[in-house]
Amino acid sequence: MRAIQYTAFGTRPQLVDVERPRPGPGEVLLRITASGLCHSDEFVMAMPEDGYPYPMPMTLGHEPAGVVEELGEGASGVTVGDAVIVYGCWGCGVCAMCADGSENLCLTGMLSPGLGVNGAMAEFMVVDTPRHLVPIGDLDPVRAASLTDAALTPYQAIKSVLPRIVGGTTTVVIGAGGLGHVAIQLLRALTPTRVVALDIGEDKLAFARENGAHEAFTSEPAAADKVKQLTGGRGADVVLDFVGMDVTGELAVACGGVASAVVVVGAGLGGAKIGLTSAPYNMTVSTSLWGRRKELIELVEMARRGQVQIHTTTYPITEGEQAYEDVHAGRIVGRAVVVP
């Protein structure tokens with residue numbers, strides 16, 4: 001079968017032919033119908049060889065949609081032919097966090113398709129257990145695939161600060177791309193907050209407005225002054241940083257007000273740095289990693305009701321290498337999705 005793999009350190013993803021996998025006991029074989037492409041793949045491929053934690057080569061792709069093709073011995077709960085997406089946080093299932101439903105925070109180490117085991121940038125993929133499958137019915141798999149990360153990640157981040165985002169508040173979204181444009185939609189659907197998007201380039205600012213941002217400014221130090229002007233000098237109540245670099249962390253702190261919350265979601269190897277005299281008083285800073293399976297089920301229902309729609313650019317698997325280059329170069333607005 002065809003697959004897009006990371007095959008050697010210092011190289012770009014390659015389209016290769018590999019043997020079709022077979023499900024083992026308790027596992028499920030999916031025929032992939034769509035696979036979202038995430039910047040986390042770029043993060044993985046930028047890791048140095050020393051300390052690299054994953055197999056090599058490895059099929060990429062941790063936003064899968066597919067159809068159940070075959071059940072391994074003892075697997076139950078789904079039927080051949082079911083249309084599903086895959087919850088990507090594969091925890092141990094027995095630690096305190098997994099027992100609470102937070103497999104994304106597994107205390108013994110989480111694996112994921114494309115981030116530790118072969119992923120969904122292929123014609124077929126093995127899922128470790130039926131419990132990691134979420135039915136999607138007649139939803140378009142191209143749009144549904146990225147619910148698994150591009151929607152789930154901002155959804156959990158927003159839910160972590162939801163009690164703060166009441167009427168009259170302002171929330172800043174830094175980075176209106178693959179995750180950020182979904183965050184804007186979720187904020188509009190779930191809260192009465194005023195949404196301010198920060199990004200670079202008029203096309204991305206226009207995209208943020210199309211997805212529901214009340215205001216959109218260029219992501220630069222002066223943006224903090226504009227946020228302060230909008231809020232009568234107080235600053236934003238919540239800031240969501242979907243970039244995660246030091247420069248955006250600094251901007252997030254500058255945009256926030258007294259007793260505000262900053263949530264760093266992006267994996268840009270940086271973040272927000274605060275101190276008693278270098279940030280607004282009682283500002284809290286947290287991180288947010290992926291989300292819970294229950295939350296993915298909630299998002300599927302929101303998508304079914306038209307409350308969240310992921311903007312996608314579709315590539316056939318034969319052009320998967322180009323899809324990665326376009327994401328790497330910042331040419332994608334929304335989410336790139338590869339289909340076999």
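Here is a walk through this predicted model, one region at a time.

Let's start with the sheet of 6 strands. This sheet is open, its strands pair in parallel, and their order is 13-12-11-14-15-16. At the edges sit strand 13 (215–218) and strand 16 (284–287), each of which pairs on one side only. Going from one strand to the next, the twist averages 20 degrees. If you want to look at one pairing in detail, try strand 11 and strand 12, which run parallel and are joined by 5 bridges. There you'll find I174 standing opposite L198 of strand 12.

Now add the helices that lie across these strands. Helix 7 (residues 222–230) lies across strands 11, 12, 13, 14 and 15, and runs at about 155 degrees to strand 13. Helix 8 (residues 246–255) lies across strands 11, 12, 14 and 15, and its angle to strand 15 is about 150 degrees. While you're at helix 7, have a look at K226, which belongs to that helix. K226 is partly exposed, since its relative accessible area is 35%, and partly exposed covers the range between under 20% for buried and over 50% for exposed. Along the chain, K226 and C255 are 29 residues apart, yet their C-alpha atoms are separated by 8.8 Å.

Next comes helix 5 (residues 180–190). Because 8 of its 11 residues are buried, helix 5 is largely enclosed by the rest of the structure. Those buried residues are G180, H181, V182, A183, I184, Q185, L186 and L187. What covers them? The cover includes helices 4, 6 and 9, along with strands 11, 12 and 14.

Follow the chain out of helix 5 and you enter the loop that leads to strand 12, where T193 is found. T193 has a relative accessibility of 1%, so it counts as buried. Leaving aside residues up to four places away in sequence, T193 touches I165, V166, T169, T170, T171, L187 and H214. One of these, L187, is also among the buried residues of helix 5. T193 and G167 are 26 residues apart in sequence, while the distance between their C-alpha atoms is 5.9 Å.

Two of the helices covering helix 5 are helix 4 and helix 9, and they also meet each other. How do two packed helices get described? By the angle between their axes and the distance between the axes. For helix 4 (residues 152–160) and helix 9 (residues 293–304), the axes come within 10 Å and cross at roughly 105 degrees. That angle makes helix 4 roughly perpendicular to helix 9. On the helix 4 side, the contact is made by L152, Y155, Q156 and K159, and on the helix 9 side by E295, L296, E298, L299 and M302. Sorted by class, the contact has 5 nonpolar, 1 polar and 3 charged residues.

Two more regions are worth a visit. Towards the start of the numbering, 3 strands form an open sheet with antiparallel pairing, in the order 2-1-4. Its edge strands are strand 2 (14–17) and strand 4 (58–59), and each pairs on one side only. Strand 1 (residues 2–6) pairs with strand 4 over 2 bridges in the antiparallel sense, and Q5 stands opposite T59 of strand 4.

Further along, strand 17 (residues 312–316) and strand 18 (residues 335–339) pair in the parallel sense over 5 bridges. T314 has V337 of strand 18 as its bridge partner. Together with helix 10 (residues 320–328), strands 17 and 18 make a right-handed β-α-β unit.

Key
Residues are numbered from 1 along each chain as its sequence is written. This is a predicted model: local features need pLDDT of at least 70, side-chain atom pairs count only at pLDDT 80 or more; totals for chains, interfaces and linings use all residues. Side-chain values use heavy atoms; hydrogens and water are left out. Two strands pair if DSSP finds at least two bridges between them. Helices (H or I, at least four residues) and strands (E, at least two) are DSSP runs, numbered from the N terminus. A crossover is right-handed if, with the strands pointing away from the viewer, the path from the first strand over the helix to the second runs clockwise. Axes are lines fitted to C-alpha atoms, for helices over the stretch in contact, and angles run from 0 to 180 degrees between N-to-C directions. Angles under 35 degrees count as roughly parallel, over 145 as roughly antiparallel, 65 to 115 as roughly perpendicular and the rest as oblique. Contact means heavy atoms within 4.5 Å. Ala, Val, Leu, Ile, Met, Phe, Trp, Tyr, Cys and Pro count as nonpolar, Asp, Glu, Lys and Arg as charged, and the others, Gly among them, as polar. Buried means under 20% relative accessible area, exposed over 50%, partly exposed in between (1.4 Å probe, protein chains only).
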